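Hi everyone, thanks for coming. I'd like to walk you through one structure today, so have a look at the screen and we'll go from there.

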Amino acid sequence: MSLTSATPQQLMRLAVDLAHANRLNGGRPFGAVLAQGHEVVATGVNEIIASHDPSTHAEMQAIRAGTQRRANPSLAGLSIYASGHPCPMCLAALVMNGAEQVFFAFDNQDAAPYGLSSEGTYQRLRLSLTPPPLPITRIDTGIRAAQLYGDEAWPAA
């Protein structure tokens, strides 16, 4: 896949593949791709286990890498492709800094059986996603939640 002409489905699959690789390396199964149009600006994986820093979510890591690379803190014109629905912290960073839209592969219901849902945090903060603060769209990658989060076999490439 070219990183300069990827389709939304390819960008989402890259985020999910990053999440899977991170899980295989002992991290949490979350990956993100920051993109401008069809071009990858930066990627990130959840680094909480390795860094002991609770703010090192995949989306935050992609944002950090992308804004540093561009030498610009604005996310205007950029979209995030996240393997899981962004938590309130990540979504707030995207909204506050002008991201164009959010795409995700798995929602909180998919993640809940594996203890990976952020729905409880949304509830504790009394935050509603209706209406969403920016366009949030699910993209199917053909991967099942049990393959990323559980013990179901990862599909052959």
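Let's start at His-52, which sits in the loop between α2 (48-51) and α3 (58-70). Keep in mind that this is a predicted model. What is the phi of His-52 near? The angle is near 60°, so we have a positive value in a residue that isn't glycine. Is His-52 buried or exposed? Exposed counts as over 50% relative accessible area, and His-52 has 69%, so exposed it is.

Now hop along to Arg-126, in the loop between α6 and β5. Here's another positive phi in a residue other than glycine, near 55°. Arg-126 has a relative accessibility of 77%, so this residue counts as exposed too.

Stay in that loop for a moment, because there's something else in it. Pro-131 also lies between α6 (119-124) and β5 (136-138). The peptide bond joining Thr-130 and Pro-131 is cis, with omega at about -5°.

Okay, let's go back towards the start of the chain and look at helix α1. This helix covers residues 8-24, which is 17 residues. From first C-alpha to last, α1 reaches 24 Å, close to the 24 Å expected at 1.5 Å a residue. Which residues of α1 are buried? They include Leu-11, Leu-14, Val-16 and Ala-19, and also His-20 and Asn-22. And what do the buried residues of α1 pack against? Four strands, β1 (31-36), β2 (39-45), β3 (79-84) and β4 (101-106), plus the helix α7 (145-148). After α1 comes Gly-26, with a positive phi near 90°.

Now zoom out to the whole chain. There are seven helices and five strands, and from the N terminus they run α-β-β-α-α-β-α-β-α-α-β-α. For 157 residues, a compact globule would have a radius of gyration near 15 Å, and this chain has 14 Å, which agrees. The C-alpha trace spans about 40 × 40 × 30 Å along its principal axes.

How much of the chain is buried? Buried residues make up 46% of the 157. Take the contacts between residues at least 6 apart in sequence: 60% of those join residues at least 24 apart.

Last stop, the surface. The chain exposes about 8,000 Å², and carbon and sulfur atoms supply 53% of that. As for charges, there are 10 positive and 12 negative, and their mean positions are 4 Å apart.

That's my tour, thanks for listening!

Note on methods:
Residues are numbered from 1 along each chain as its sequence is written. This is a predicted model: local features need pLDDT of at least 70, side-chain atom pairs count only at pLDDT 80 or more; totals for chains, interfaces and linings use all residues. Side-chain values use heavy atoms; hydrogens and water are left out. Helices (H or I, at least four residues) and strands (E, at least two) are DSSP runs, numbered from the N terminus. The expected span of a helix is 1.5 Å times one less than its number of residues. Buried means under 20% relative accessible area, exposed over 50%, partly exposed in between (1.4 Å probe, protein chains only). Contact means heavy atoms within 4.5 Å. The radius of gyration is taken over C-alpha atoms; the globule rule is 2.2 Å times the number of residues to the power 0.38. Accessible areas come from the Shrake-Rupley method with a 1.4 Å probe; for residues, only the protein chains shown count as cover. Lys and Arg count as positive and Asp and Glu as negative; His and the chain ends are not counted. The place of a charge is taken as NZ of Lys, CZ of Arg, CG of Asp or CD of Glu.
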